[in-house]
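Trainee: I'm new to this structure. Could you pick a single part and take me through it closely?

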Amino acid sequence: MIIGVDYHPSFQQIAFMDQETGECGERRLNHSDGEAENFYRDLKQREVSVRVGLEATGYSRWFERLLAELGIEVWIGDAAEIKTKRVRKQKTDRQDAQLLLKLLLENRFPRIWVPSPENRDLRQLLWHRHRMVQMRTRIMNQLQAVAMNEGKRWKKKLFSEHGRTQLEKFVLAPWASRRRQDLLELLDRMNPTIAELTAAVEQEAEKRPEVLLLMTHPGVGPITALAFVLIIGTPERFPCGKQIGSYVGLIPAEDSSAGRQRLGHISKQGNALLRFLLVEAAQAAVRCNPEWRRRYVHLAIRREKRIAKVAMGRKLGVRLYWMWRNGWEYSQS
């Protein structure tokens, strides 16, 4: 049985065909009342061989776990490529499910690589740490605003022991004082949590030789190297380094025609966390490595700083890809 699934968080619209009997049909299965789970468990009890195809989407982790538990084959499709195969300018849940079924039957389904459950769980570690750091940054910015309203602009010195003491001595109005106290308490709670998450990332990085290999590059630490390995998966997925920039979304969008080239902002079609980490690591490499500094300055003079930063991030992604694929350390590359 081949099933095309148009997945939504609360329900799924399916179109199916039994290749043995030729039976076709459509159904709408709700998630909250267990209708969808019962449908697939019934197929398992009847010992029906099933292949399910659905677009890459969010909030489907439980559904994929259920199908894996039942031994049902799951194909995840590239949503952007599936969209290009839609001919009619009409989009409904039924038509989406029928399109997925048609692509499966015609062997034109654009199947994509799916990471393992362990890979996905480690990505949650990276995302959790990243969000916690963002929250801490917002708290620190608010404390900077409190200090600047009192005429003190100490920047990083504000969070030293002396700066903290001076911040607590400011005589503030009642609610401003309450705000300062709550922000400092939140900051004190978050620092140990972030340190614990960082230590967990470093431990995971030490277990993987490919991560340690990428860490030999200037500016690349355990967080960037581990994220690169987890999100890229395996270098054999990409035949050349240029595809890394496209996969991460660090290449410009293009709308060229009739001999005229029109380039826009970067496409941002890819993992936002890896894109952020590559640009940050590239800036660290610029600060500590003369070769990367020279190339960055050259690009910044030709264009501007923000474009140069993104270009260096793309270059770093390509360099890490070749290091990983060839098994080279930075000195060899």
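Mentor: Sure, let's look at helix α2, which spans residues 61–70 and has Phe63, Glu64, Leu66, Leu67 and Leu70 buried. Those five cover an arc of only 160° around the axis, which puts them on the same side of α2. That arc is taken from the directions from the helix axis to the C-beta atoms. In general, an α-helix has 3.6 residues a turn, so residues three or four places apart point the same way. Turn to the face away from the buried side and you find the exposed residues Arg65, Ala68 and Glu69. Here, buried means under 20% relative accessible area, exposed means over 50%, and partly exposed lies in between, using a 1.4 Å probe and protein chains only.

A quick word on what you're viewing: it's a predicted model, where local features need pLDDT of at least 70 and side-chain atom pairs count only at pLDDT 80 or more, while totals for chains, interfaces and linings use all residues. Residues are numbered from 1 along each chain as its sequence is written, and side-chain values use heavy atoms, with hydrogens and water left out.

So what does the buried side of α2 pack against? Its partners are β1 (2–7), β2 (11–17), α1 (35–45), β4 (51–55), β5 (73–77) and α5 (117–149), with contact meaning heavy atoms within 4.5 Å. Helices (H or I, at least four residues) and strands (E, at least two) are DSSP runs, numbered from the N terminus. Right after α2 comes Gly71, with a positive phi near 75°.
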